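Here's a quick tour of one model, written for someone who likes to know the cut-offs behind the words. Have a look at the fold, then read on.

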Amino acid sequence: MRRELLRGEQVIVITRQQPRMLFGPVLAFILVPAAAAFACAWIVKGGPGKVLPLITSEWTPWLEGACLAIVAIVLLSYSLPAFIRWRCIRYILTSGRIVARFGMLRRSDWQVPLAAVRSVGIKQSLLQRILRSGNISLDTGHPGDAVLADVPEVGKFRSFILEAMAELPASVRFGDGAGDFDGPGGYPNEALPWDVREGGRDER
């Protein structure tokens, strides 16, 4: 049994965090194998023996193996986990909720009904302003704001939120933070106020 969208709800936009967090991992993914290839070629040409005469040609396979092991460690413990973490964070805006999802094997999420949002704020560092990203805080009237960190095109995403809030039908009511629609129908005559800008029928 699988039903992720509520009755009368439609996905507006799905996005991920600004990919600037991948700059270091991508750089390591490119430079570390290149440096290892250069080191292996230097080892095969007998470079270590010229620096330290005690190192003979018998050391060559071991030194090459050490270079490959360093590459594997960097890629598997740094680049790949960073990419997976970025890939598994999604921000989903629907016609009734804002959902943040985290993780792949161990998934967690939180969601805020649009009807409970009082204000939508943006905070940007200098780098975020250059990259047009930022943190969106949602004031729900409860202690501690819900924060969407490092949202790309942050101004556009906030405008989508505000437009969705303005389009909420009067017949749509939310429970106490549960994010469920009360009452049948949701939208009058089954009319949906939004076209899908990104994503699809569900929010997977």
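## Helix H1 and its surroundings

In H1, the buried residues (buried means under 20% relative accessible area, with a 1.4 Å probe and protein chains only) are Pro25, Ala28, Ala36, Cys40 and Ile43. Helices here are DSSP runs of H or I with at least four residues, strands are runs of E with at least two, and both are numbered from the N terminus. What do the buried residues of H1 pack against? Their partners are helix H2 (47–51) and helix H3 (60–87), with contact taken as heavy atoms within 4.5 Å.

Before going further, a word on provenance: this is a predicted model, where local features need pLDDT of at least 70, side-chain atom pairs count only at pLDDT 80 or more, and totals for chains, interfaces and linings use all residues. Residues are numbered from 1 along each chain as its sequence is written, and side-chain values use heavy atoms, leaving out hydrogens and water.

Back to H1 and its length. The expected span of a helix is 1.5 Å times one less than its number of residues. For the 22 residues of H1 (residues 23–44), that should give 32 Å, and the end C-alpha atoms are indeed 32 Å apart, so the two agree. Just after H1, Gly46 has a positive phi of about 85°.

## The four-stranded sheet

Now for the strands. Four of them make an open sheet in the order E1-E2-E3-E4, with antiparallel pairing; two strands count as paired if DSSP finds at least two bridges between them. Strand E1 (11–15) and strand E4 (108–113) are at the edges with a single partner strand each, so one side of each has no neighbour in the sheet. On average, neighbouring strands of this sheet are turned by 15° against each other, direction ignored.

Strand E3 (residues 97–102) pairs with E4 in the antiparallel sense over six bridges. Ala100 has Trp110 in E4 as its bridge partner. Helix H5 (residues 154–166) packs on the sheet, where it touches E1, strand E2 (90–94) and E3, and its direction makes about 30° with that of E2. Axes are lines fitted to C-alpha atoms, for helices over the stretch in contact, and angles run from 0 to 180 degrees between N-to-C directions.

## Two positive phi values outside glycine

Both residues below are other than glycine. Exposed means over 50% relative accessible area, and partly exposed lies between that and the buried cut-off.

| Residue | Phi | Loop between | Relative accessible area |
|---|---|---|---|
| Arg132 | near 60° | helix H4 (126–131) and strand E6 (133–139) | 52%, exposed |
| Glu153 | near 50° | strand E7 (146–152) and H5 | 31%, partly exposed |
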